[in-house]
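Hi everyone, thanks for making room for me this morning. Let me put the structure up, and then we can walk through it together.

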Amino acid sequence: MGSDYSSFRSFMTVDPKTPNGPVQRSLEIYVNKGFNDLELAASTHTLATANDIVADDIFRWRFVSDTPGFVSGATGTIVRAEPAIQDHGFSDLMVAIGGKTASKAAWLRRARAIQRRALPV
């Protein structure tokens, strides 16, 4: 039983030769108190490197949380997260950053709402 990754593949396809330039993609990075700092850094650094390679901001991201404001990671990294408002303000893709104390119920509700709109999670 295989997964259908066609929506993710279409999200990741970047054609720098489109008439209006590269297609920009927005990501929401979901964090909870105690998130894995290394996982967050790896994700954002990869996106920033991709932007550097194509010399354009094709990937844009924002941090969201069910507890908006300043959210602390497991080893002290602090991010300012926007509120994850139910059924509102979705990006093109959601990335959930894990952690030992992460609340599964909160980010799973958001993931399901995003999937209902046929967007990749």
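Let's start at Thr-44, which, leaving aside neighbours within four places in sequence, is in contact with Ile-29, Trp-61 and Phe-63. I should say right away that this is a predicted model. Thr-44 is found in helix H2. Is Thr-44 buried or exposed? Thr-44 has a relative accessible area of 16%, and because buried means under 20%, Thr-44 counts as buried. For those of you who like C-alpha distances, Thr-44 and Arg-60 sit 16 residues apart in sequence and 9.6 Å apart in space.

Now look at the helix itself. H2 covers residues 37–54, and its 18 residues should span 26 Å at 1.5 Å a residue; the end C-alpha atoms are 26 Å apart, so the two agree. Which residues of H2 are buried? They are Asp-37, Leu-40, Thr-44, Leu-47 and Asn-51. If you look down the axis of H2, those buried residues fall within an arc of 115°, so they line one face of the helix. What do the buried residues of H2 pack against? Their partners are strand E1, residues 25–30, together with E2 and E4. Turn to the other side of H2 and you find Leu-38, His-45, Thr-46, Asp-52 and Ile-53, which are exposed.

Both ends of this helix deserve a moment. At the N-terminal end, Asn-36 acts as a cap for H2, with a side-chain oxygen 3.0 Å from the backbone nitrogen of Leu-38. Just after H2 comes Ala-55, with a positive phi of about 55°. Most residues other than glycine have a negative phi, so a positive value is something to point out when you scroll past. Ala-55 belongs to the loop between H2 and E2, and with a relative accessible area of 68%, Ala-55 is exposed.

Back to one of the partners of Thr-44. Ile-29, not counting residues up to four places away in sequence, touches Leu-40, Thr-44, Trp-61, Arg-62, Phe-63, Val-64, Val-95 and Ile-97. Ile-29 also belongs to the largest nonpolar core, which has 9 residues in all. The other members are Val-31, Phe-35, Leu-40, Phe-63, Val-71, Val-79, Ala-81 and Ile-97. There is a second, separate core of 6 residues, and among its members are Tyr-30, Met-94, Ala-106 and Ala-111.

On to the strands. Strand E2, residues 59–65, pairs with strand E4, residues 78–83, in the parallel sense over 2 bridges. You can spot Ser-65 standing opposite Pro-83 in E4. E4 has another partner: strand E3, residues 69–72, pairs with E4 in the antiparallel sense over 4 bridges. There, Phe-70 stands opposite Arg-80 in E4. E3 and E4 form a hairpin with 5 residues between them, and Gly-76 in the turn has a positive phi of about 105°.

Next, a residue from the loop that follows. Ile-85 lies between E4 and strand E5, residues 93–96. Where does Ile-85 fall on the accessibility scale? Its relative accessibility is 43%, so Ile-85 counts as partly exposed. Ile-85 and Asp-66 are 19 residues apart in sequence, with their C-alpha atoms 7.8 Å apart in space.

Let me zoom out before I hand over. The chain has 3 helices and 5 strands, and from the N terminus on, the elements run α-β-α-β-β-β-β-α. Of the 121 residues, 28% count as buried. And one number for anyone who thinks in contact maps: among contacts between residues at least 6 apart in sequence, 66% join residues at least 24 apart. Thanks for listening, and over to you for questions!

Technical notes
Residues are numbered from 1 along each chain as its sequence is written. This is a predicted model: local features need pLDDT of at least 70, side-chain atom pairs count only at pLDDT 80 or more; totals for chains, interfaces and linings use all residues. Side-chain values use heavy atoms; hydrogens and water are left out. A nonpolar core is a set of buried Ala, Val, Leu, Ile, Met, Phe, Trp, Tyr and Cys residues joined through side-chain atoms within 4.5 Å. Buried means under 20% relative accessible area, exposed over 50%, partly exposed in between (1.4 Å probe, protein chains only). Contact means heavy atoms within 4.5 Å. Two strands pair if DSSP finds at least two bridges between them. The expected span of a helix is 1.5 Å times one less than its number of residues. The arc is that of the directions from the helix axis to the C-beta atoms. A polar contact is a pair of N or O atoms within 3.5 Å; within protein, one must be able to donate a hydrogen and the other to accept it, and residues adjacent in sequence count only if both atoms are side-chain atoms.
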